[in-house]
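Biologist: I am new to this structure and would like to go through it slowly, one point at a time. Could you take my questions with the model in view?

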Amino acid sequence: MSRDISDVTRAKHGRPVHHWRRNAIHLAALLTAVAAVDGVTRLIGNGPDGPALLLVPATALAAAAGFHSWWSRRHGHAPPTSDTGARPPSVEQAGPSEQARETSAPVAEENALWRMRTTVKDAPGSLAALCTALAGLRVDILSLQTHPLAEGTVDEFLIRTPGGLAAAEITEAVAVAGGTGTWIERADAHDLVDAPTRVLGLATRTALDAAELPLALRQLLGRCTIRSLPAVPAGGGRGPKTVPVEGALEETVMRLRAPEGGVITVERPYLPFTPTEFARARALVELDARLGPRVPSSEDVLTLPEGNDITVRRVDTGDLRAAKEMHGRCSTRTLGMRYHGPVGDAERYLNHLLSPRFGRTIAVQTASGRIVGLGHLLWDGDETEVALLVEDAWQRRGIGAELLRRLVGMAVEAGCESVYAVTQSSNTGMVAAMRGLGLPLDYQVEEGTLVITARVAPPVAPEGALGVVGRVSGAGEPGGASSHEHRRG
């Protein structure tokens with residue numbers, strides 16, 4: 001009976017198979033058997049030994065049923081797996097041979113994400129030819145942006161490829177389909193965010209903090225070098241050549257007018273900028289200029305080991321007077337170690353250092369409102385400089401270490417792979433603060449100064465790494481280090 005149930009419920013091409021002929025025969029046999037049993041029962045039951053004689057066929061019937069059950073288990077008649085559509089046995093249920101085949105089967109390689117650009121003719125069917133070529137390699141196109149040019153169009157793809165497909169195979173197929181000047185590099189999950197969403201996020205970051213503009217431009221344009229040049233250099237001399245209000249684009253270099261009249265230069269030698277990218281970058285700079293200087297107003301209150309409360313907060317040019325007053329309370333030695341030049345030049349740099357257009361500045365403030373420590377994170381092309389200055393009376397209390405820890409954290413968020421301190425070997429406070437970071441350190445001497453390089457952990461921010469290198473220069477405790485004008489040889 002169990003075999004009949006399996007026959008009815010097994011599937012073929014997704015539909016139950018009903019063997020109606022077999023069922024009709026079984027039903028006829030059953031009715032015949034019932035009629036025969038009823039006749040025999042009436043005949044025997046009317047005799048003198050009827051009840052006893054009924055035990056004989058009952059015993060025979062039970063023996064036959066037991067034999068049939070044993071035979072069915074020994075010689076099963078279940079249909080093959082391919083006929084029933086049943087799932088293959090799991091590794092735990094399979095026998096040794098099946099387990100061996102399961103473990104020896106090759107494991108498919110994971111898919112890979114790529115960002116690719118190529119230039120095609122501005123003609124009907126050019127994009128279709130590209131898509132057909134990629135489909136031939138089983139490439140999945142996740143997103144597409146078009147950048148119109150004076151002649152032709154730059155198509156930017158985010159693609160997912162089968163494991164093992166090399167970049168050279170992709171570019172070769174694209175070239176055959178009519179693509180020229182193809183550029184390709186590996187992407188990650190952060191690139192899955194569509195372009196409008198990413199641009200809106202960068203605009204929000206820029207609106208909240210003026211210091212975010214260079215980072216936003218770098219995330220918008222990829223690996224590039226960004227330099228902010230003030231209209232009047234802090235050290236004096238001639239400023240950069242002015243650019244038109246609408247900016248200037250020359251292949252791999254774009255120049256934009258900075259909000260305060262200076263110039264923002266963006267270079268990307270490995271890939272020319274498109275007019276679309278230029279327009280996006282110019283829109284971010286215009287947004288920054290309209291909003292004016294601004295910094296987040298958040299602050300943290302900390303308690304020093306001796307019990308004094310200090311406040312750590314972001315500052316800008318609005319705190320210039322308080323910063324100059326702190327300079328007046330610093331010794332000549334402290335200022336000399338910080339700026340590596342005449343003490344009188346220190347105040348000339350403050351306006352530049354405090355400007356959110358060139359980086360971030362955090363200050364330590366006492367309960368009375370006096371600034372007793374400054375830490376600067378300054379964007380400078382591919383590098384990021386960090387500088388520290390702590391007032392003499394507040395040194396050796398952990399303030400420099402706290403400023404350095406926070407600045408390094410900001411550098412990590414910005415995508416830095418390393419930071420380094422440019423100081424003097426006699427500045428034991430700065431050396432101790434670098435060691436206190438708990439990071440791998442390298443030491444070397446350059447131009448009479450000690451350079452301590454710390455390798456920081458790779459960033460995990462949603463926007464991805466930016467490939468910036470951090471420079472720590474300046475003074476922790478007790479003294480300072482180099483000025484913003486110091487350049488590594």
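Modeller: What follows is a set of questions and answers on one helix and on some salt bridges, and the model is a predicted one.

Biologist: Which residues of helix 6 are buried, and what is the arc within which they fall?

Modeller: Helix 6 covers residues 126–136, and its buried residues are Ser126, Leu130, Ala133 and Leu134. As a general point, an α-helix has 3.6 residues a turn, so residues three or four places apart point the same way. Seen down the axis of helix 6, the buried residues line one face of the helix, because they fall within an arc of 95 degrees.

Biologist: Which exposed residues does the face of helix 6 turned away from its buried side carry?

Modeller: The buried side of helix 6 is covered by elements that include strand 3 (112–120), strand 4 (140–148), strand 5 (153–161) and helix 7 (167–176). The face turned away from that buried side carries the exposed residues Thr132 and Gly136.

Biologist: Which residue that follows helix 6 has a positive phi?

Modeller: The phi in question is near 60 degrees, and its sign is positive. The residue that has this phi, following helix 6, is Arg138.

Biologist: How many residues apart are Glu185 and Arg223, whose side chains meet in a salt bridge?

Modeller: The side chains of Glu185 and Arg223 meet at 3.0 Å, N to O. This pair links distant parts of the chain, with Glu185 in strand 6 (residues 180–186) and Arg223 in the loop between helix 9 (213–221) and strand 7 (225–229), and the two are 38 residues apart.

Biologist: Is Glu391, whose side chain meets that of Arg329 in a salt bridge, buried or exposed?

Modeller: The salt bridge of Glu391 and Arg329 has an N to O distance of 3.0 Å. Glu391 lies in the loop between strand 15 (383–390) and helix 14 (399–413) and Arg329 in helix 11 (residues 320–329), so the pair ties together parts that are 62 residues apart in sequence. Arg329 is partly exposed, with a relative accessible area of 28%, whereas Glu391, at 3% relative accessibility, counts as buried.

Biologist: Which arginine meets Glu391 in a salt bridge of 3.6 Å, N to O?

Modeller: The arginine lies in the loop between strand 13 (359–366) and strand 14 (371–380), so its pairing with Glu391 ties together parts that are 21 residues apart in sequence. At 40% relative accessibility it counts as partly exposed, and the residue is Arg370.

Technical notes
Residues are numbered from 1 along each chain as its sequence is written. This is a predicted model: local features need pLDDT of at least 70, side-chain atom pairs count only at pLDDT 80 or more; totals for chains, interfaces and linings use all residues. Side-chain values use heavy atoms; hydrogens and water are left out. Buried means under 20% relative accessible area, exposed over 50%, partly exposed in between (1.4 Å probe, protein chains only). Helices (H or I, at least four residues) and strands (E, at least two) are DSSP runs, numbered from the N terminus. The arc is that of the directions from the helix axis to the C-beta atoms. Contact means heavy atoms within 4.5 Å. A salt bridge is a side-chain nitrogen of Lys or Arg within 4 Å of a carboxyl oxygen of Asp or Glu.
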